[in-house]
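Subject: The structure for you, with notes

Hi,

Here is the structure I promised to pass on. Please have a look at it first, and then read on for what turned up.

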Amino acid sequence: MDVDADIVFLVDSSSFVTQRNFLKEKQFVKSLAKFLNVSSEASRASVVLFGSRPTTAVRFGDYRTLDNFNILLDRGRLYGGEALELSIRELLSLATDENCF
């Protein structure tokens with residue numbers, strides 16, 4: 001697939017997710033990132049974790065290759081809590097900061 005796009009993944013790291021399912025979420029994001037050819041030269045991706053507070057695990061400019069993206073994603077951890085609304089605000093902030101619109 002040859003598509004260039006800016007993609008933001010929202011990943012649930014709240015107390016409602018087990019460690020096992022959190023790892024499955026991250027593996028799903030990695031699979032999609034590979035399919036969409038995420039790199040600094042093609043489609044760009046960012047990852048926002050939501051739990052007790054939103055946390056940007058990967059910003060658009062933080063990596064050059066898919067492997068770098070995956071390493072940064074693997075550093076994300078479970079936070080607990082419920083902060084989907086704040087995560088959406090963080091997502092919009094990222095989009096505005098990166099001139100996505």
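What percentage of the 101 residues in the protein chain do buried residues make up? The figure is 40%. Please keep in mind as you read that this is a predicted model.

Let me start with the overall layout. The protein chain has 3 helices and 3 strands, and if you follow the elements from the N terminus, they come in the order β-α-β-β-α-α. Among contacts in the protein chain with a separation of 6 or more, 73% are between residues 24 or more positions apart.

Now to the strands. Strand β1 covers residues 6–12 and pairs with β2 in the parallel sense, over 7 bridges. If you would like one bridge to look for on screen, try aspartate 12, whose partner in β2 is phenylalanine 50. Helix α1, residues 19–35, joins in here: together with β1 and β2, helix α1 makes a right-handed β-α-β unit.

Strand β2 also has a second partner. With strand β3, residues 55–58, β2 pairs in the antiparallel sense, this time over 3 bridges. Two bridges to find there are valine 47 with valine 58 of β3, and valine 48 with threonine 56 of β3. The two strands β2 and β3 form a hairpin, and 4 residues lie between them. As for how covered strand β2 is, 6 of its 7 residues (the strand spans 44–50) are buried.

A few single residues are worth a visit too. Asparagine 37 sits in the loop between α1 and β2. Its phi is near 60 degrees, a positive value in a residue other than glycine. For context, most residues other than glycine have a negative phi. Asparagine 37 has a relative accessibility of 40%, so it counts as partly exposed.

Next is lysine 26, which you will find in helix α1. What is the nearest side chain of opposite charge to lysine 26, and how far away is it? It is aspartate 74, at 4.6 Å. Lysine 26 is buried but has no salt bridge, because a salt bridge needs a side-chain nitrogen of Lys or Arg within 4 Å of a carboxyl oxygen of Asp or Glu. Apart from its neighbours within four places in sequence, lysine 26 is in contact with Leu73, Asp74 and Gly76.

Last come the aromatic rings. The structure holds 1 aromatic pair. The partners are tyrosine 63 and phenylalanine 69, arranged edge-to-face, with 5.3 Å from centre to centre and 75 degrees between the planes. Are these two rings' residues buried or exposed? Tyrosine 63 has a relative accessible area of 3%, so it is buried. Phenylalanine 69 is at 0% relative accessibility and therefore counts as buried as well.

Do write back if you would like to go through any of this together.

Best wishes

Technical notes:
Residues numbered from 1 in each chain as written. Predicted model: local features only at pLDDT ≥ 70, side-chain atom pairs only at ≥ 80, totals over all residues. Heavy atoms only, no water. Buried < 20%, exposed > 50% of the residue type's maximum accessible area, 1.4 Å probe, protein only. Pairing = 2+ DSSP bridges. Right-handed = clockwise from strand over helix to strand, strands pointing away. Lys, Arg positive; Asp, Glu negative; His and termini not counted. Contact = heavy atoms within 4.5 Å. Phe/Tyr/Trp six-rings, centres within 6.5 Å; stacked < 30°, edge-to-face > 60°.
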